[in-house]
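Please look over the sequence and structure shown here. The briefing after them goes from the whole chain to single residues.

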Amino acid sequence: MWLQLSLTAAKEQAPLIEALFENMGALSVTLGDAGDEPILEPGPGESPLWRATRVTALFEGDRDPDQLRTLVNQSLNADVSRQLRLERLEDQAWERAWLEDFHPMRFGRRLWVCPAGRRPDADDALILELDPGLAFGTGTHPTTALCLEWLDGADLSGKTVIDFGCGSGILAVAALLLGADRAIATDHDPQALEATRANAGKNGVASRLTLLEPDQAPPVRGDILLANILAGTLIGLEPVLASRVKANGRIVLSGILTAQAAEVSRAFGRHFGMLPPQAREGWVALEGVRLAG
Ligand SMILES: C[S@@+](CC[C@H](N)C(=O)[O-])C[C@H]1O[C@@H](n2cnc3c(N)ncnc32)[C@H](O)[C@@H]1O
């Protein structure tokens, strides 16, 4: 058994509450969104907080709840401390608990993303083994799913695929499993490059993958470039992305909200013939064919 304490506070107060819980002997302290304010893509090393932040601390189960409550009451003003919530949690196999929510998932006709040790019941399944980690990209998010489905439907044989903003490397690894000759992956977050390297190794495709820092130009232009990043970033990166795709090559852009599709299409229309968007759960993916020149 564990004791869990949680408090919701304005973001300015959250670090103080975090420090208080640590001083009280918490085994872990977690900060999360207490409202509905998604922070979509913080830069590397940034840890922005939410306007209403929930601070949750875990204590050994034999700690005295009354003593913990008293310490909080003595340290914080009454408006904040009266919101303290205290719960007892059953112990469980925490390191695999996420598996209950993460099942084999199919994208398109034959591509499956599966946690380690799990197999779908399908004879022709092409399996990408992936456990959730620190970098973005498991397939559960619609923006990744749109890219994976596109890859499953594409003819990749003999192709070089660039995965720009690779996160976990899921798109590069999927492209290689689906028959691409070579993949080039890049991300400005070093943790993403590390995760991509590990996931390529786990799936036996590391020898066909090149990892690059974002400012390193790839050795060749791609036949296909996928970038699942937010709309504003994509628009800013348009000249760089366009320079990395061969004439008649394809670009697939994801991470775009439906309302932003026209603006992104317009920006990429300078170098690409843009096709109609594919939509899913409020997000769209755009595809373009690189114009010569
Ligand atoms: C939404 S995740 C996508 C991860 C994965 N490709 C997928 O489809 O699930 C976006 C990734 O782009 C990276 N990124 C954002 N801006 C970038 C930039 N300007 N240059 C390189 N990488 C960037 C982030 O670090 C993050 O790993």
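What follows covers the overall build, two helices, the largest pocket and several individual residues.

This is a predicted model. The chain holds 9 helices and 15 strands. Its C-alpha trace spans about 70 × 40 × 30 Å along the principal axes.

**Whole chain**

- The chain has 293 residues, and 44% of them are buried.
- Among contacts with a separation of 6 or more, 65% join residues 24 or more positions apart.

**Helix α8**

- Helix α8 covers residues 231-243, which makes 13 residues.
- At 1.5 Å a residue, α8 should span 18 Å, and its end C-alpha atoms are indeed 18 Å apart, so expectation and model agree.
- A kink of about 60° sits at Leu237 in α8, and the proline Pro239 comes shortly after that residue.
- Buried positions in α8 are Ala231, Leu234, Leu237, Glu238, Leu241 and Ala242.
- Residues three or four places apart in an α-helix point the same way, because there are 3.6 residues a turn.
- On the strand side, the buried residues of α8 pack against elements including β8 (160-164), β11 (222-228) and β12 (245-257).
- Further partners of these buried residues are β13 (272-274), β15 (283-290) and the helix α9 (261-268).

**Helix α5**

- Helix α5 has 12 residues and runs 17 Å from first to last C-alpha, close to the 16 Å expected at 1.5 Å a residue.
- Most of α5 is covered, with 10 of 12 residues buried.
- The buried set in α5 includes Pro142, Thr143, Thr144, Ala145 and Leu146.
- Cys147, Leu148, Trp150, Leu151 and Asp152 are also among the buried residues of α5.

**Largest pocket**

- The largest pocket holds about 1,100 Å³ of space.
- Its lining has 39 residues, of which Leu40, Glu41, Pro42, Phe136 and Asp189 are the closest to the centre.
- Two or more lining residues come from each of α5 (142-153), β8, α6 (170-177), α7 (190-202) and α8.
- By class, the lining has 19 nonpolar, 15 polar and 5 charged residues.

**Buried residues in strands and a loop**

- Gln4 belongs to strand β1 (residues 2-10).
- With 17% relative accessibility, Gln4 falls under the 20% limit and therefore counts as buried.
- Beyond four places in sequence, Gln4 touches Thr56, Ala57, Leu58, Arg85, Leu86, Glu87 and Leu89.
- Ser168 lies in the loop between β8 and α6.
- Ser168 counts as buried because its relative accessibility is 4%.
- Setting aside residues up to four places away, Ser168 touches Leu130, Ala135, Phe136, Gly137, Ala195, Thr196 and Asn199.
- Leu225 is part of strand β11.
- Leu225 has 0% relative accessibility and so counts as buried.
- Outside its neighbours within four places in sequence, Leu225 contacts Ile162, Phe164, Leu241, Arg244, Val245, Arg250, Ile251 and Val252.
- Leu225 and Ala183 are 42 residues apart in sequence but 9.6 Å apart in space, C-alpha to C-alpha.

**Leu230, ahead of α8**

- Leu230 sits in the loop between β11 and α8.
- Its 24% relative accessibility lies between the 20% and 50% limits, so Leu230 counts as partly exposed.
- Leu230 touches Leu40, Glu41, Gly255 and Trp283, not counting residues up to four places away in sequence.
- Leu230 and Gly204 are 26 residues apart in sequence and 30 Å apart in space, C-alpha to C-alpha.

**Positive phi at non-glycine residues**

- Asn248 has a positive phi of about 70°, although it is not a glycine.
- Asn248 is in strand β12.
- A relative accessible area of 64% is over the 50% limit, which means that Asn248 is exposed.
- Glu281 also is not a glycine, and its phi is positive at about 50°.
- Glu281 lies in the loop between β14 (278-280) and β15.
- Glu281 has 65% relative accessibility and therefore counts as exposed.

How values were computed:
Residues are numbered from 1 along each chain as its sequence is written. This is a predicted model: local features need pLDDT of at least 70, side-chain atom pairs count only at pLDDT 80 or more; totals for chains, interfaces and linings use all residues. Side-chain values use heavy atoms; hydrogens and water are left out. Helices (H or I, at least four residues) and strands (E, at least two) are DSSP runs, numbered from the N terminus. The expected span of a helix is 1.5 Å times one less than its number of residues. The bend at a residue is the angle between axes fitted to the seven residues ending there and the seven starting there. Buried means under 20% relative accessible area, exposed over 50%, partly exposed in between (1.4 Å probe, protein chains only). Contact means heavy atoms within 4.5 Å. On a 1 Å grid over the protein atoms alone, a cavity is a set of points where a 1.4 Å probe fits but cannot get out, and a pocket is an open set with protein on both sides within 12 Å along at least five of seven lines; lining residues have an atom within 4 Å of a point. Grid points are joined across faces, edges and corners, and a volume is the space filled by probe spheres set on the points. Ala, Val, Leu, Ile, Met, Phe, Trp, Tyr, Cys and Pro count as nonpolar, Asp, Glu, Lys and Arg as charged, and the others, Gly among them, as polar.
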